[in-house]
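Trainee: Pick one part of this fold and take me through it up close, please. Then follow the contacts outward from there.

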Amino acid sequence: MAYSIGLVLALQILSLLSSTAAVPNGPQPRNTTFSEAKEQTYDYIIVGGGLTGLVVANRLSEDPEKTVLVIENGYVDNGIATYIPYKANILNVADMYPITSAPEPFLGNRTYPVRVGNVVGGGSIVNGMVFDRGSDADYDAWEQLGNDGWGWAGLKPYFFKSNHFTAPSESSVKEFGITYNASAYGNGPIQVSVPSFQFKDIKTIFGSWKVENVPMPIEGFAEPIGAYWLPNDINNATATRSNAHVTYFVPVENRTNLKLLTGTRVNKVLFDNSYGNLIANGVRMVSHADGTVAKAYANREVILAAGGVFTPHLLLLSGIGPQDVLAAANVTVLKDTPAVGSNFQDHPSLSMTYNLSNEAFPNPNSYTLNATFLADASAQYSKDHTGPWSFGRGSASAFLTFKQFSSKWQSITAKISQQNPLDFLPARYSQNPALLAGYMNQREMLIQEYLGDTSAIGEYPIQAWGHASAALEKPLSRGILTLNASNPQGFPVVQWNALQNPVDAEVLVELIKFNRAHWARKELAVYNPVELLPGAQYQTNEEIIQGSISTGTLSPTFAHPSGGCAMMPEELGGVVSDRLLVYGTERLSVVDASIIPMIPATHLQATMYAVAEKAADIIKSRAGLHASSNSRGYLAVFASIDVI
Ligand SMILES: Cc1cc2nc3c(=O)[nH]c(=O)nc-3n(C[C@H](O)[C@H](O)[C@H](O)COP(=O)(O)OP(=O)(O)OC[C@H]3O[C@@H](n4cnc5c(N)ncnc54)[C@H](O)[C@@H]3O)c2cc1C
């Protein structure tokens with residue numbers, strides 16, 4: 001059955017319809033109210049009840065003596081889009097922020113949607129359900145950048161603590177040749193599985209990778225290089241999505257020491273600097289219900305979990321950021337930290353698309369082209385939670401080293417060390433030696449990764465239709481997140497600067513060429529694939545890039561914004577230490593995707609569950625937080641001594 005470009009439009013329309021239906025009752029009851037929380041003091045205030053915020057809230061409230069307030073901008077959504085796996089095919093825009101990026105200077109000044117969850121559970125509610133991890137080397141690079149305990153060995157126990165794998169049905173394993181090794185997973189709250197339902201063409205399309213010169217490990221979570229099956233965050237017992245809300249929050253929401261305040265935006269971190277230090281002691285917050293502004297206090301720690309876009313924004317609004325940016329927006333400078341909002345990363349992606357003939361029925365196009373199939377799939381799911389709607393977007397991918405998808409891996413990599421890095425970085429890097437020094441460390445590691453066999457540089461999601469996307473996993477370009485000077489309390493200015501470094505464009509071209517060669521293989525000839533996006537007419541490198549930009553095939557993002565409050569030594573452009581504390585402050589930590597120093601070759605959620613589990617242990621272990629209370633009732637802290 002032919003693929004139609006109109007499908008994209010149809011999916012968007014369905015998305016709007018479905019998203020509206022997804023919140024049938026509007027905002028759900030909150031666990032605490034704005035008026036209850038205002039002027040109150042808690043041990044911990046967590047800003048952002050998204051993926052990492054809810055993990056940390058769960059773990060910190062295990063101690064009944066500690067009070068925890070989670071403040072979330074969005075609301076609880078229990079609508080169908082949040083639990084039916086099939087709905088992952090339709091962007092749940094109702095649960096996302098309506099942000100658009102700044103013009104991307106190296107993508108023809110085009111602007112792009114910035115995909116971020118705005119709901120209790122954050123990205124885990126709206127994401128595409130892919131559950132995978134980077135290679136050991138990807139995390140070891142974090143440790144080599146100066147973060148003790150953040151290599152694979154230090155993170156592995158937390159991957160095990162956060163997830164649990166259940167096998168697909170034996171008949172699916174046999175029919176589709178699904179391979180897995182459950183021992184690569186742990187015994188945590190997030191349930192993951194390769195869905196038992198698969199579209200028939202996946203056999204041929206996944207099978208076509210057997211003829212490439214790439215490994216096909218039995219279990220990608222154990223060996224994340226090559227082409228392999230990967231799980232989704234899905235609870236096999238119910239065939240429903242397993243997100244941070246249902247796994248980390250709902251089971252503990254009756255703890256009296258844990259409070260969730262929804263529909264409330266934190267717009268400033270409050271500090272007590274009466275001792276000469278910046279001691280975080282609370283937040284200022286705005287209720288969406290009526291615009292009321294109030295404060296709440298934390299006597300142990302304010303924990304930022306507002307995600308890869310909004311945590312840097314909040315630090316800027318709180319006076320921690322580049323002096324010129326703060327001054328331009330009339331924000332009082334508490335600490336001049338040029339690193340806040342720098343080092344911003346994502347995975348530039350290519351929505352390559354082929355028109356296929358002779359696809360089996362059903363296939364993913366059947367949802368939009370065959371109303372009977374859609375109705376039957378819906379009825380089957382309603383009846384017993386089986387069938388096509390128990391399947392998300394896809395459960396196989398190829399993560400390839402550079403040499404696995406390009407014969408030019410050495411010559412392209414050689415160009416990196418010949419570059420003057422400042423020619424291809426935001427201007428801020430030339431004014432700040434620490435930022436440049438940190439980038440140079442990253443660049444050295446990226447060169448090793450580009451040349452080596454232990455890190456993936458490109459990804460090809462493997463799906464049972466002609467949607468043949470690809471992503472650049474290790475970009476050299478760096479973005480900037482900053483304040484809108486004329487409206488600082490509005491959305492931040494998000495600029496990925498994708499392709500500022502021309503090597504990124506060259507690697508993307510290599511990804512496209514490999515994809516073309518792959519789809520031209522005789523094993524896929526049965527489908528007579530015809531390239532729709534970007535289009536076979538684009539042949540030279542320049543044509544391929546310009547064609548990918550003009551057709552919308554190339555995007556600066558894979559919905560993985562990260563890195564804007566990097567965990568690195570301060571003298572190397574870090575914002576937080578490896579104990580997650582913001583430099584120059586006390587009792588202020590960050591636990592979300594903004595701390596990622598260098599983006600790993602993976603979709604981010606499994607990593608963020610592990611990071612948040614580790615963060616909770618680090619925060620719990622802090623000593624020296626038991627000094628005397630001041631007049632406002634918070635515990636004045638004169639020394640924060642970490643013991644791990
Ligand atoms: C559309 C989409 C698809 C994705 N697909 C995948 C996928 O298939 N696989 C995968 O592994 N990853 C995927 N991801 C990425 C993954 O979900 C995120 O990396 C992850 O959720 C990041 O966790 P976080 O806690 O850092 O941020 P989030 O989960 O985004 O949580 C941040 C929370 O903070 C709240 N917040 C922000 N600012 C404030 C404020 N000032 N006051 C109060 N609350 C605030 C937000 O509303 C949000 O709920 C996807 C993400 C999106 C958006």
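Mentor: Let's start at one spot: Gly-458 sits across from Leu-472 of β20. Before going on, bear in mind that this is a predicted model, where local features need pLDDT of at least 70, side-chain atom pairs count only at pLDDT 80 or more, and totals for chains, interfaces and linings use all residues. Residues are numbered from 1 along each chain as its sequence is written, and side-chain values use heavy atoms, with hydrogens and water left out.

Back to the strands: β19 (458-461) and β20 (470-472) run antiparallel and are joined by 2 bridges. Strands count as paired when DSSP finds at least two bridges between them; the elements themselves are DSSP runs, helices (H or I) of at least four residues and strands (E) of at least two, numbered from the N terminus. Zoom out and you get an open sheet of 6 strands, ordered β7-β18-β19-β20-β16-β24, with antiparallel pairing. β7 (226-229) and β24 (554-555) are the edge strands with a single partner each, so each has one side without a neighbour in the sheet.

Now for the rings. The whole structure holds 32 aromatic pairs, meaning Phe, Tyr or Trp rings (six-membered ring for Trp) with centres within 6.5 Å, called stacked under 30 degrees between planes, edge-to-face over 60 and tilted otherwise. One of them is Phe-206 with Trp-229, a tilted pair at 4.7 Å between centres and 40° between planes. Phe-206 belongs to helix α8 (202-207) and Trp-229 to edge strand β7, 23 residues apart, so to speak distant parts of the chain. Phe-206 counts as buried at 9% relative accessibility, and Trp-229 does too at 3%; buried is under 20% relative accessible area, exposed over 50%, partly exposed in between, with a 1.4 Å probe on protein chains only.

Tyr-248 and Tyr-609 make a stacked pair, because their planes are at 15° with centres 5.9 Å apart. That one spans 361 residues, from helix α9 (244-249) to helix α20 (605-620), and both tyrosines are buried. They also belong to a cluster linked by ring pairs that includes Trp-152 and Phe-159.

Trp-152 has company of another sort: Arg-133 lies over its face, 3.6 Å from the ring centre. A charge sits over a ring if Lys NZ or Arg CZ is within 6 Å of the ring centre and within 35 degrees of the ring normal. Likewise, the charged end of Lys-403 is over the ring of Trp-409, 4.5 Å from its centre.
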